[in-house]
Amino acid sequence: MPAIRKSNKLINVCYDIRGPVLQEAKRLEDEGHRILKLNIGNPAPWGFQAPEEIVQDVIYNLPGAQGYCDSKGLFSARKAVMQECQRKGIAHVGIEDIYIGNGVSELIVMSMQGLLNDNDEMLIPAPDYPLWTAAVSLAGGNAVHYLCDEQSDWYPDIDDIRAKITERTRGIVVINPNNPTGALYPPELLEQIMELAREHKLIVFADEIYDKILYDEAEHTSLASLADDVLCLTFNGLSKTYRAAGFRSGWMIVSGPKHQARDYIEGLDMLANMRLCANVPAQHAIQTALGGYQSINELIVPGGRLYDQRELAWEMLNAIPGVSCVKPRGAMYLFPKLDPTRYPIRNDEKFALDLLIQQKVLIVQGSGFNLPDTQHFRLVFLPGADILSESIERIASFLHGYEQ
């Protein structure tokens with residue numbers, strides 16, 4: 001029998017956050033090695049628990065959550081999201097404009113599958129959260145990466161975006177706060193992006209999953225609140241702010257001139273119907289999460305774990321000779337750069353693999369985020385201060401052996 005091969009649709013699909021380096025980490029763990037995991041934004045293993053009232057609401061409603069619900073989600077959950085839209089200034093969003101999904105990941109894939117034809121183009125930031133690029137490729141489209149400028153706090157380069165718009169461009173993805181850089185975009189920059197979308201009739205896809213994980217009194221502006229004449233799909237969920245990643249509960253909001261997108265919305269409805277509905281028990285957490293006490297606020301100020309761990313990790317990384325890191329204003333990641341004159345890294349996946357094998361520290365190489373260089377890597381600052389300190393000390397020791 002000939003070898004059974006994967007679909008050609010997957011040829012250009014990759015997700016290196018869970019790629020070959022992680023597989024090697026699992027092998028080492030199976031051999032009994034202790035791996036310091038700085039590779040994935042999963043709060044629960046590091047002691048960040050979902051608020052108790054959220055968990056209790058899911059438990060309370062579990063007996064009544066055994067059947068399918070509406071394909072777009074529970075009314076109570078969508079109503080809570082609708083009220084969140086009102087708080088954020090996103091105009092004219094009704095219950096039927098909201099889709100609940102099995103995490104934002106499912107909804108990202110759905111939004112691309114429903115829109116793209118073969119060789120359509122989607123503008124995506126570099127670096128990006130790689131699921132966006134993978135979802136575009138899986139849908140038959142081409143991901144076109146616009147540059148974010150490290151010298152300008154990792155802000156998108158508006159001129160580069162403009163230069164990459166073609167007749168095949170269907171939309172632009174904006175990840176704000178950004179994963180992996182932690183950049184938070186000011187309103188004036190977001191206005192420029194919306195003006196480009198307006199001028200070229202593009203759809204805006206706003207990934208705002210980290211909108212409440214902000215530091216130094218920063219404020220987040222939702223893209224969809226800036227214009228009601230640009231079609232915008234906004235994505236958010238429980239995984240990060242509410243530390244409930246395993247619940248797999250997210251939402252997608254359609255706003256703007258929906259009358260111009262009736263056919264696309266019909267396609268989204270079709271895809272929502274095909275998967276019947278999202279995880280029903282976890283949907284009972286949404287109303288409580290959005291309407292209740294926002295315990296994330298305790299974690300992002302001085303004395304809070306996320307704030308203090310960001311400070312510690314950022315300071316330690318920048319203290320390593322030849323390492324520089326823009327301070328993140330949001331999210332839970334650091335994206336340091338290695339000076340190429342000091343550390344001549346040609347293959348950053350091999351760099352990450354060597355670090356894992358030699359120091360038992362697991363990070364993700366920068367090229368895994370579709371960045372066109374080999375001098376960056378991402379680490380999460382979710383682990384406690386002791387583990388962060390040990391991990392970065394090991395990285396420093398490893399880098400000493402990489403010096404030119």
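How many of the twelve residues of helix 9 (residues 280-291) are buried? The legends below refer to a predicted model.

**View 1. Helix 9 is mostly covered**. Nine of the twelve residues of helix 9 are buried. They are Val280, Ala282, Gln283, His284, Ala285, Ile286, Thr288, Ala289 and Leu290. The cover over these buried residues includes helix 2 (52-61) and helix 3 (75-88), together with strand 2 (98-101) and strand 9 (250-255).

**View 2. Asparagine 279 caps the N-terminal end of helix 9**. A side-chain oxygen of asparagine 279 lies 3.5 Å from the backbone nitrogen of alanine 282. Alanine 282 is itself one of the buried residues of helix 9.

**View 3. Cysteine 277 and cysteine 69 are not bonded through their sulfurs**. The closest cysteine sulfur to that of cysteine 277 belongs to cysteine 69, at 4.2 Å. Because a disulfide requires sulfur atoms within 2.5 Å, this separation is too far for a bond. Cysteine 277 has 12% relative accessibility and therefore counts as buried.

**View 4. Cysteine 148 is in no disulfide**. The disulfide count for the model comes to zero. For cysteine 148, the nearest cysteine sulfur is that of cysteine 325, 15 Å away. With a relative accessibility of 9%, cysteine 148 counts as buried.

**View 5. Three strands form an open antiparallel sheet**. The strand order is 11-15-14. Strand 11 (333-334) and strand 14 (364-365) are the edge strands, each pairing on one side only. Strand 14 is joined by two bridges to strand 15 (residues 377-380), and the two run antiparallel. Glutamine 365 stands opposite phenylalanine 377 of strand 15.

Technical notes:
Residues numbered from 1 in each chain as written. Predicted model: local features only at pLDDT ≥ 70, side-chain atom pairs only at ≥ 80, totals over all residues. Heavy atoms only, no water. Pairing = 2+ DSSP bridges. Helix = DSSP H or I, 4+ residues; strand = E, 2+ residues; numbered from the N terminus. Buried < 20%, exposed > 50% of the residue type's maximum accessible area, 1.4 Å probe, protein only. Contact = heavy atoms within 4.5 Å. Polar contact = N/O pair within 3.5 Å; in protein donor to acceptor, adjacent residues only side chain to side chain.
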